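Me: I'm new to this one and would like some help reading it. Can we go through it step by step?

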Amino acid sequence: MELYDDYEDSKLIRIFLVSVDDSRSTDRVIPVVKTKGWKSDVIIDNNMELARFMSVYTPPQWVAVDNQGKTFFRRKIMEGESDAEYYFNELITEINNDI
């Protein structure tokens with residue numbers, strides 16, 4: 001995502017992509033991420049342990065967690081890339097308000 005590139009070096013934000021694909025399709029996750037040009041680290045959560053822990057039942061979602069592990073931002077992505085850009089801006093605003 002183009003907006004993330006501006007914040008990538010600031011160390012304020014680190015984005016992980018979490019795949020909840022089952023074991024039959026996990027081999028396709030990394031190639032898709034590379035094809036899209038996403039630079040984030042990918043966590044394969046095919047047992048959905050992380051998703052359950054974070055209460056993510058309907059992906060995709062943005063979940064932002066602070067250094068103490070407290071969730072401070074959560075949004076369901078409905079419209080793909082356009083939603084992602086909008087919510088990223090919203091997340092940046094929230095972070096900047098707390099600094």
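Reply: Sure. Helices and strands here are DSSP runs, numbered from the N terminus. Keep in mind that this is a predicted model.

Me: How many helices and strands does the protein chain have, and how are they ordered?

Reply: There are 4 helices and 4 strands. Starting at the N terminus, the order is α-β-α-β-α-β-β-α.

Me: Where is confidence lowest, and where is it highest?

Reply: A general caution to begin with: where pLDDT is low, don't read the predicted coordinates in detail. In this chain, the mean pLDDT is 80, and 86% of the residues reach 70 or more. Helix H1 (residues 2-7) has the lowest confidence, with a mean of 58, while H3 has the highest, at 91.

Me: Which residues make the nonpolar surface patch?

Reply: The idea is to look for nonpolar side chains within 5 Å of each other, on residues with over 30% relative accessible area. Here Phe 16, Val 18, Ile 43, Leu 50 and Phe 53 make a patch of about 450 Å². Strand E1 (16-19) and helix H3 (49-53) each give at least two residues to that patch.

Me: Why can Val 18 count towards a patch?

Reply: Val 18 sits in strand E1. Its relative accessible area is 38%, so Val 18 passes the cut-off of over 30%. That value makes Val 18 partly exposed.

Me: And what about the chain as a whole: how much of it counts as buried?

Reply: Of its 99 residues, 24% count as buried. The accessible surface of the chain is about 7300 Å², and 50% of that belongs to carbon and sulfur atoms.

Key
Residues numbered from 1 in each chain as written. Heavy atoms only, no water. Patch = residues over 30% accessible without salt bridge, like charges linked within 9 Å, V, L, I, M, F, W, Y side chains within 5 Å. Areas by Shrake-Rupley, 256 points an atom, 1.4 Å probe, with all protein chains shown as cover. Salt bridge = Lys/Arg side-chain N within 4 Å of Asp/Glu carboxyl O. Buried < 20%, exposed > 50% of the residue type's maximum accessible area, 1.4 Å probe, protein only. pLDDT = per-residue confidence, 0-100.
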